[in-house]
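Please read the following report alongside the sequence and the coordinates. It takes up model confidence, strand pairing, charged pairs, enclosed space and a few local details in turn.

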Amino acid sequence: MRMNKLTTVEPGQAHGRVAVVDIGSNTVRLVVYDVPTRLPIPMYNEKAQCALGRGLGASGKLSPQGVDCALSSIKRFVGLAKAMGVEDLELVATAAVRDASDGPQFIADIFAATQQTVSVLSGEDEAKYAALGLLMGVPHADGLIGDLGGGSLDLVGLDNGVFNKSATYGFGHIRLSEISEGNPERARAIVFEELSKLAWLKDIRGRTLYAAGGSWRALARILIDQTNHPLHVVDNFSLPAKAVLKVLHVISTAGPNSLEKIPGVPSKRVETLPFAAAALESLLLVTEAAQLQFSGFGMREGVLLSCLPDDLRHQDPLLAACKTMSERTGRFKVKGREMLEWMTPIFADESHDEYRLRYAACLLSDVGWNEHPDYRAEHSFIRVLRVPYAGLTHTDRALLAATVYVRGNGNLDDQLIRPILGLLDEAQLSWIKVTGLALRLGHTISGSAPGVLSKTQLVVSHDQLLLCIAPDDRDTLLSEAVQRRLKTLGRALGLKGTVD
């Protein structure tokens with residue numbers, strides 16, 4: 001895929017800002033990412049509801065009103081990208097432009113107006129980019145990703161993160177509403193009949209269906225409210241397939257008046273949301289998937305990742321993002337690995353996943369340093385709970401947010417964090433307390449400055465937690481606050497905290 005260069009970049013120079021303009025059947029969207037040395041962080045996101053694909057099934061052409069809207073939006077987006085200092089800009093078009101007889105003319109008009117080339121994705125490419133975007137956050141995804149747009153439904157089988165078979169169908173939520181003549185019941189039957197012919201979908205039985213695309217994310221927000229889920233984050237929101245089928249059926253049969261009363265449903269999605277629900281219901285029934293998991297990442301992120309150097313693309317998405325936040329928001333920049341290694345003696349026999357989350361907690365542990373002391377723990381908690389990062393399950397989010405809350409002198413019994421604690425078990429709550437208190441002690445000893453913690457050592461010996469400090473360093477490193485917090489950490493471990 002060839003990127004449009006907006007500024008001059010010397011060979012070998014690190015990527016700066018990268019942007020994708022996604023020209024879809026329903027929306028045209030600009031997303032700008034910051035790509036300094038880590039995996040991308042969204043900086044700006046704007047969409048225009050152009051409905052390019054409306055009426056395409058009957059006319060074979062793009063909607064004239066949609067073309068005007070899209071051209072105007074694309075010109076704005078290209079101008080914004082230049083003003084934001086974007087170095088690489090990728091314009092991609094999907095099902096509507098791909099299938100319309102006047103699609104080539106539309107692409108020519110875009111070039112005439114902006115001097116930017118557009119990549120028209122095939123159905124197979126669209127499906128695989130969606131899968132690549134999912135893998136950004138779920139590297140070992142196992143089952144099936146379905147990405148529903150306005151004009152197509154794209155499917156890719158995944159075997160522990162490896163691409164398997166793929167398929168694309170010309171019934172996105174806009175086209176499905178048209179071919180079913182506005183009848184969601186008929187739409188459900190159409191999707192079920194067509195998908196039932198795809199023999200390999202039976203391989204998904206008992207596994208996970210990953211749902212991507214704006215209309216399915218809108219459904220996720222409804223399901224979050226309907227199930228009283230404590231975390232209003234769509235990415236990696238997961239629930240048993242059986243628990244969602246009834247809700248999807250209700251949504252698919254609800255009229256516009258009923259849908260408008262549901263909190264969080266965008267007014268522009270009311271018309272086609274029943275068809276998105278019908279498609280998802282049919283896909284769950286055909287595959288007999290055991291679990292439904294929504295993805296906040298999809299085709300756009302897949303396009304972006306395909307354009308990045310291998311060293312960026314293959315980094316751990318969570319740790320890469322946490323390192324970037326630490327570098328940008330830290331005070332004296334005590335290194336996350338320095339804190340991680342200092343704490344390690346009290347985390348014997350931890351798993352790889354526990355090590356990874358502890359490293360992330362170390363990197364995020366000083367994120368609230370510049371907040372008012374009375375609100376430092378609260379602001380740190382909310383910020384970490386809702387970070388727009390890939391690679392975090394909802395349990396992971398709750399665990400990390402609660403850990404930085406304890407590090408900021410918060411209490412696990414506080415009303416603020418109580419709702420999300422239901423996502424965690426007793427062992428995780430114990431881990432949170434110990435990790436948060438260890439971080440609090442480490443930052444107190446070092447003043448959050450680098451190179452200080454290495455002058456001390458934590459040692460577990462019989463019934464004691466020893467903080468070893470050389471005599472020459474005690475005047476600098478030992479204080480009443482350090483001794484008090486050492487004793488508190490020791491009690492959390494069932495040990496006696498002692499300075500040695």
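The sections below describe a predicted model, beginning with its confidence.

## Confidence of the model

The model is predicted, and its chain averages a pLDDT of 90, with 95% of the residues scoring at least 70. Residues 7-14 are a stretch to treat with care, since pLDDT stays under 50 there; for this stretch the model has 6 contacts beyond four places in sequence.

## Strand β7 and its partners

Strand β7 covers residues 143-148, and 6 of its 6 residues are buried, so the strand is largely enclosed by the rest of the structure. On one side of the pairing scheme stands strand β8 (residues 153-159), which runs antiparallel to β7 and is joined to it by 6 bridges. The connection between β7 and β8 is a hairpin of 4 residues.

Strand β7 also pairs with strand β10 (residues 208-212), here in the parallel sense and over 5 bridges. Ile145 illustrates both pairings, because its bridge partner in β8 is Val156 and its bridge partner in β10 is Tyr210, while the strand that carries Ile145 has 6 of 6 residues buried.

## Salt bridges

Side chains of opposite charge can pair when their charged atoms come close. A search of the whole structure finds 19 salt bridges, among them one between the side chains of Arg207 and Asp142, with an N to O distance of 3.1 Å. This pair links distant parts of the chain, 65 residues apart: Arg207 lies in the loop between α7 (184-196) and β10, and Asp142 in the loop between α5 (123-137) and β7. Asp142 has a relative accessible area of 22% and is therefore partly exposed, the cut-off for buried being under 20%.

Two further pairs can be set beside it. Lys197 forms a salt bridge with Glu194, the closest N and O atoms being 3.3 Å apart; Lys197 counts as exposed at 58% relative accessibility, whereas Glu194 counts as partly exposed at 27%. Arg358 forms a salt bridge with Glu350, and the closest N and O atoms of that pair are 2.7 Å apart. Arg358 counts as buried because its relative accessibility is 0%. Beyond these pairs, Arg98, Asp99, Glu126 and Arg175 are linked in a network of salt bridges.

## Cavities

How many cavities of 30 Å³ or more does the structure hold? There are 3 cavities of that description, and about 380 Å³ of space lies in the largest cavity. The largest cavity is lined by 29 residues, of which Asp22, Gly149, Gly213, Gly214 and Arg300 are the closest to its centre.

The elements that give two or more residues to this lining are β3 (27-34), β7, α8 (214-226) and α12 (299-306). Strand β7 thus appears again, as a strand with 6 of its 6 residues buried and as a contributor to the lining of the largest cavity.

## Helix α15

Helix α15 spans residues 336-343, and it is largely enclosed by the rest of the structure because 6 of its 8 residues are buried. The buried residues are Gly336, Glu338, Met339, Leu340, Trp342 and Met343. They pack against two helices and two strands by name, namely α16 (352-364), α20 (426-446), β13 (456-461) and β14 (464-469).

## Local details

Two residues other than glycine have positive phi values and may be worth inspecting in the backbone: Gln115, with phi near 65°, and Asn160, with phi of about 50°. Gln115 lies in the loop between α4 (103-114) and β6 (118-120). Asn160 lies in the loop between β8 and β9 (162-169), and with a relative accessible area of 53% it is exposed, the cut-off for exposed being over 50%.

Ile382 has its place in helix α17 (residues 376-385), where it is partly exposed with a relative accessible area of 28%. The C-alpha atoms of Ile382 and Tyr405 are separated by 9.0 Å, and the two residues are 23 residues apart along the chain.

Key
Residues numbered from 1 in each chain as written. Predicted model: local features only at pLDDT ≥ 70, side-chain atom pairs only at ≥ 80, totals over all residues. Heavy atoms only, no water. Buried < 20%, exposed > 50% of the residue type's maximum accessible area, 1.4 Å probe, protein only. Pairing = 2+ DSSP bridges. Salt bridge = Lys/Arg side-chain N within 4 Å of Asp/Glu carboxyl O. pLDDT = per-residue confidence, 0-100. Contact = heavy atoms within 4.5 Å. 1 Å grid on protein atoms, 1.4 Å probe; cavity = no way out; pocket = protein on both sides within 12 Å on 5 of 7 lines; lining within 4 Å. Points joined across faces, edges and corners; volume = space filled by probe spheres on them.
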